[in-house]
Amino acid sequence: GRRIDGEWREWGDPAFDDWFAGRVDAVADELEASGATVVWLTYPDVRIADPEDPTADPVDHPYNDPARVDALNAVVRDEAAARGFGLVDLNGWLRSLPDDRQWDDDFRDGVHFTLGGSSEAGEWYVPEILQAAGIDPAATTTTAAPDAPGGSGSSSPSPTRTAAAAG
């Protein structure tokens, strides 16, 4: 949330949603002006511990209400649709996982993933992003980074994706 017109406002409050939509619109203006292909991801549900009682069930904390994230994602979806930007539903994918998987250590609080969680999510969303950007995921190749086992010396530990040459 944030203070708007002297009052603290949260997602789902029309004043906050209008403010947020204006911010998203301004970012979209900059991205659109750059000429880049733009793909946005939906924001995932969160599971934040209550700072006043960290032992309490996070489900009971109001910040963890999925309706708040739905309100934020509605703004993102509307802006992406209005601009013709690609959109990948990361939140939908995470919600499709069983609860014991969605909230396990790999995905922690919903937004800070472990290396294993990031790898699993990436296996799903990289092809989704490529497709949303108009790139055929089947026409890409994945190569191990040079410092991966069998590689030879880059600072990047993650795989790289390159578009296959048209032939």
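Start by selecting Asp13 and Arg9, whose side chains meet in a salt bridge, with N and O 3.1 Å apart. Keep in mind as you look that this is a predicted model. Side chains of opposite charge can pair when their charged atoms come close. Now colour the two partners by accessibility. Asp13 is partly exposed, with a relative accessible area of 21%, while Arg9 is buried at 17%. Those two values fall on opposite sides of a cut-off, because buried means under 20% relative accessible area.

**Next stop: helix α1**

Select residues 14–34 and you have helix α1. This helix has 21 residues and reaches 30 Å from its first C-alpha to its last, close to the 30 Å expected at 1.5 Å a residue.

Which residues of α1 are buried? Pick out Phe16, Asp17, Phe20, Val24 and Ala28. Turn the view until you look down the axis of α1: the buried residues fall within an arc of 100°, so they line one face of the helix. An α-helix has 3.6 residues a turn, so residues three or four places apart point the same way.

What do the buried residues of α1 pack against? Show β1 (2–4), β2 (7–9), β3 and α2 to see their packing partners. Then swing round to the other side of α1, where Asp18, Arg23, Glu30 and Ala33 are exposed.

**From α1 across to α2**

Stay on α1 and select Glu32, then add Arg83. These two form a salt bridge, and their closest N and O atoms are 2.6 Å apart. The pair links distant parts of the chain: Glu32 sits in helix α1 and Arg83 in helix α2, 51 residues apart. Is each partner buried or exposed? Glu32 is partly exposed, with a relative accessible area of 41%, whereas Arg83 counts as buried at 17%.

Leave Arg83 selected and add Glu79, with which Arg83 forms another salt bridge, the closest N and O atoms being 2.8 Å apart. Here both residues lie in helix α2, four residues apart, or about one turn of the helix. Glu79 counts as buried too, at 11% relative accessibility.

Now add Asp25 and Asp29 to Glu32, Glu79 and Arg83 on your screen: these residues are linked in a network of salt bridges. Across the whole structure there are 10 salt bridges.

**Out to the surface**

Clear the selection and pick Trp8, Ile48 and Tyr63. Together they form a nonpolar patch on the surface, with about 300 Å² of accessible area. To find Ile48 along the chain, go to the loop between β3 (39–41) and α2 (66–83). Ile48 is partly exposed, with a relative accessible area of 37%.

**Zoom out**

Finally, show the whole protein as a cartoon. How many helices and strands are there? You should find five helices and six strands. Followed from the N terminus, the elements run β-β-α-β-α-β-α-α-α-β-β.

Switch on the surface for a last look. The accessible surface of the protein comes to about 10,200 Å², and 52% of it belongs to carbon and sulfur atoms. Of the 167 residues, 28% count as buried. If you draw contacts between residues at least 6 apart in sequence, 50% of them join residues at least 24 apart.

Technical notes: Residues numbered from 1 in each chain as written. Predicted model: local features only at pLDDT ≥ 70, side-chain atom pairs only at ≥ 80, totals over all residues. Heavy atoms only, no water. Patch = residues over 30% accessible without salt bridge, like charges linked within 9 Å, V, L, I, M, F, W, Y side chains within 5 Å. Areas by Shrake-Rupley, 256 points an atom, 1.4 Å probe, with all protein chains shown as cover. Salt bridge = Lys/Arg side-chain N within 4 Å of Asp/Glu carboxyl O. Helix = DSSP H or I, 4+ residues; strand = E, 2+ residues; numbered from the N terminus. Buried < 20%, exposed > 50% of the residue type's maximum accessible area, 1.4 Å probe, protein only. Expected span 1.5 Å × (residues − 1). Arc of directions from axis to C-beta. Contact = heavy atoms within 4.5 Å.
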